[in-house]
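Please load the model in your viewer with both sequence and structure visible, and keep the selection tool at hand. The stops below are meant to be taken in order.

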2 protein chains.
Amino acid sequence: MKLKAMINSLNTNLDIQKSETSKIENVDFENLAFGRTFTDHMFVCDFIDGKWQQPKIMPYQAMTFEPSARVFHYGQAVFEGMKAYKDNAGKIWLFRPEANHKRINISSARLAMPEFPKDYFFAGLETLLKMDKEWIQPGIGNSLYIRPFVIATEPAISASPASTYRFMIICSPAKAYYSGKVRVLFAEKYSRSADGGVGFAKASGNYAAQFYPTSLAQEKGYQQIIWTDAHTHEYLEEAGTMNIFFRIDDRLVTAPTSDRILDGITRKSIIQLAEDNGVTVEIRRVPVTEIKEAARNGSLKEIFGAGTAAVVSPISAFEHGNEVFEIPDLENSYASKFKKQLQDIQHNLSEDKHGWRHEVK
Amino acid sequence: MKLKAMINSLNTNLDIQKSETSKIENVDFENLAFGRTFTDHMFVCDFIDGKWQQPKIMPYQAMTFEPSARVFHYGQAVFEGMKAYKDNAGKIWLFRPEANHKRINISSARLAMPEFPKDYFFAGLETLLKMDKEWIQPGIGNSLYIRPFVIATEPAISASPASTYRFMIICSPAKAYYSGKVRVLFAEKYSRSADGGVGFAKASGNYAAQFYPTSLAQEKGYQQIIWTDAHTHEYLEEAGTMNIFFRIDDRLVTAPTSDRILDGITRKSIIQLAEDNGVTVEIRRVPVTEIKEAARNGSLKEIFGAGTAAVVSPISAFEHGNEVFEIPDLENSYASKFKKQLQDIQHNLSEDKHGWRHEVK
């Protein structure tokens, strides 16, 4: 395999500094808050003088930055979310990691940041996972959340692209992101992204922009917002940390990707799994009015979110126009069915006919 | 004055660590690239446990941050741009600084970040300016650019507002931001902000989002983009680092502020100066078609940008729909007239009838 050969040749060139001790003994894997506990090592590679420098693995640690580093001022920062799984034989698996590599470069390009080479990405990622493999717990629902990200480090506050960047990978052991059912608000006033904007990118600024409207939703008892198109608020788009699927009778409906909507890897996997199961998937604009009418006449069977952190997250109610719609529980829901099929593939418990699993060895 | 009393009482409580040496001897004030040289000190105040802690002034220096600090991942970062001026008697002046304090809190609120108290803001700012006053060069065109900013520091990568923040002020001696005439492209495909989004805030993510489209414009020979509304691209809005004014015959036209457009302090000062000069100002939507038609029939006399960094920046040409429009040079332009009036007020060379100057003493 060509990629494997590239990685092996690079591994020998990775500058590796091992942590002298491990923090793992202090971690309660049964009680993990999302994204607060990090493994013993991290991967770091700096972009200087027009090229990516010596990639390094070092103990996870705080780092120094100039107060004028452009990331603090102009939001030149992109990230990815991935997970590693351990099967019952102790093998480590990634899920469609090439899609994450491709997407972080799409995000970077949109923010005028340099692309990160595939061989560096995989060599760093796989070496890091092998060094911190004890942090990956086996069992459905357990994973190691992987956060590759790139930030602009150049110490200069003029509003233009930086000349220096840092690519990093940090890892955090994870349980499910949302536990329990999720209640959502359909956006009527605030927006997540503009046509011609950066909504399709995992750009840092897309996230901060959602926090305040989401806090208003939370005050009303909703965990998330399903964003609508910025211009009319008539079409349902995505949830910011998840793409969204609607089941109407036995059809599955989801919005097409666009420059406003993230091309989710879990989203496209769910679409494929649905097709594998003979379920009709309609990728088209989703009018708010249609979903409300379907909720009223009983044809709306399910709404669920899909994303790497959230996996598949059933939605139990939505509010729009001061009207609350409860979605009754459903036996054998698509959400539970596709979530199980997805997790079985991720944890090496079932056939992987689309070649989505990637073993780290 | 109540504010002054607050500041004086706070000054005694500021934790001040003076730099042992100054870097000023190494600075060539005649050849300053914007935003790359910083003064000897900076102001720092952390938000922890729900409140702003002891404010500090310390030597300008790099600082340590966790790789998981939320600012690196979710773009929770806002900033301001201000300038300090030194008059011929050596007095130091700020221009409408209360507007900057008000606006950084408006920006923070939109990104679910805590507001920064007015007394801390002014005590930190004024003490810092007095300590670094040698860095402020007298003379029109010279200033000390001041960058207050707030970043989310909490080391946790869940997509929600941070619980800890750092407010900082750093300062950089400046000449004019754009030198020479500026050629601009009217946006036809990319967008800066959405209705219901964060375009009105000085949110970090708004800036990175402009870099790639601007780089495409630069390849075509344009320094800046004038952004249009995201939905139709038919109305001219702002330039990302500047608000935009159009002079048609003897009237001045500019877009109204909205949730997409920054409420620029230079913008509102220019509007006031125009009115003081008996110039009719129309604050209304500005159709691209109207400006193109005015350019064709000769009634478009000027376009200029207005912003703290750029001050007043004349625009000499624009392109839209693959058509290039050159704007002939004009004697006694509004741009040069209002720029002079503005700078005279800023440098304490003329009467300040609106009370815009604020002495630092």
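Select B:Glu290 and B:Arg284 in this predicted model, and you will find their side chains meeting in a salt bridge, with 2.7 Å from N to O. B:Glu290 counts as partly exposed because its relative accessibility is 23%, and B:Arg284, at 24%, counts as partly exposed too.

Staying in chain B, add B:Arg296 and B:Glu323, whose side chains form a salt bridge at 3.1 Å, N to O. B:Arg296 belongs to helix H7 (residues 288–297) of chain B while B:Glu323 belongs to strand E20 (residues 323–326) of chain B, so this pair ties together parts that lie 27 residues apart in sequence. With a relative accessible area of 47%, B:Arg296 is partly exposed, and B:Glu323, with 31%, is partly exposed as well.

Now move to chain A and select A:Arg251, A:Glu282, A:Arg284 and A:Glu290, which are linked in a network of salt bridges. Within this group, the side chains of A:Arg284 and A:Glu282 come together in a salt bridge of 2.8 Å, N to O; A:Arg284 itself is partly exposed, at 24% relative accessibility. Over all chains, a search of the whole structure gives 46 salt bridges.

The next stop is A:His320, which you will find in strand E19 (residues 311–320) of chain A. Is this residue buried or exposed? A:His320 counts as buried, because its relative accessibility is 12%. Its side chain makes a polar contact of 2.9 Å with the side chain of A:Lys292, and, once neighbours within four places in sequence are set aside, the residues in contact with A:His320 are A:Phe186, A:Glu188, A:Val288 and A:Lys292.

From there, go to A:Arg192, in the loop between strand E11 (182–186) and helix H5 (204–219) of chain A. Although its side chain carries polar atoms that you can trace to partners, A:Arg192 counts as buried at 7% relative accessibility. One polar atom of that side chain lies 3.1 Å from the backbone oxygen of A:Gly199, and the side chain also makes a polar contact with that of A:Glu238, at 3.2 Å. If you display what surrounds A:Arg192, leaving aside neighbours within four places in sequence, the residues in contact include A:Asn206, A:Gln210, A:Trp227, A:Gly240 and A:Arg260.

To reach the contact between the chains, select A:His231, which sits in the loop between strand E12 (224–226) and strand E13 (235–236) of chain A. A:His231 is partly exposed, with a relative accessible area of 40%, and its C-alpha lies 8.3 Å from that of A:Ala194, although the two residues are 37 apart in sequence. Not counting residues up to four places away in sequence, A:His231 touches B:Asp195 and B:His231. The side chains of A:His231 and B:His231 are joined by a polar contact of 3.1 Å.

Widen the selection to the whole interface, to which chain B and chain A contribute 62 residues each. Between them the two chains bury about 5000 Å², 64% of it on carbon and sulfur atoms. The interface holds two salt bridges; A:Glu154 forms a salt bridge with B:Arg36, with their closest N and O atoms 2.9 Å apart. There are also 21 residue pairs in polar contact across it, both residues of each pair being at pLDDT 80 or more. On the side of chain B that touches chain A, the elements giving two or more residues include strand E9 (143–152), strand E10 (165–174) and helix H5 (204–219) of chain B. H5(B) provides the largest share of that side, eight residues, and the residues of the side divide into 37 nonpolar, 17 polar and eight charged.

Finish with two helices of chain B. Helix H4 (residues 118–131) of chain B has 14 residues, which at 1.5 Å a residue should span 20 Å, and its end C-alpha atoms are indeed 20 Å apart. H4(B) is mostly covered, with ten of its 14 residues buried, among them B:Tyr120, B:Phe121, B:Phe122 and B:Glu126.

In helix H8 (residues 334–346) of chain B, the 13 residues should span 18 Å, which agrees with the 18 Å between its end C-alpha atoms. Its buried residues include B:Tyr334, B:Phe338, B:Leu342 and B:Ile345. Just after H8(B), select B:Asn348, which takes a positive phi of about 60°.

Methods
Residues are numbered from 1 along each chain as its sequence is written. Chains are lettered from A and ligands numbered from 1 in the order in which they are written. This is a predicted model: local features need pLDDT of at least 70, side-chain atom pairs count only at pLDDT 80 or more; totals for chains, interfaces and linings use all residues. Side-chain values use heavy atoms; hydrogens and water are left out. Helices (H or I, at least four residues) and strands (E, at least two) are DSSP runs, numbered from the N terminus. The expected span of a helix is 1.5 Å times one less than its number of residues. Buried means under 20% relative accessible area, exposed over 50%, partly exposed in between (1.4 Å probe, protein chains only). Contact means heavy atoms within 4.5 Å. Buried area is the accessible area (1.4 Å probe) that two parts lose on being put together, summed over both. A salt bridge is a side-chain nitrogen of Lys or Arg within 4 Å of a carboxyl oxygen of Asp or Glu. A polar contact is a pair of N or O atoms within 3.5 Å; within protein, one must be able to donate a hydrogen and the other to accept it, and residues adjacent in sequence count only if both atoms are side-chain atoms. Ala, Val, Leu, Ile, Met, Phe, Trp, Tyr, Cys and Pro count as nonpolar, Asp, Glu, Lys and Arg as charged, and the others, Gly among them, as polar.
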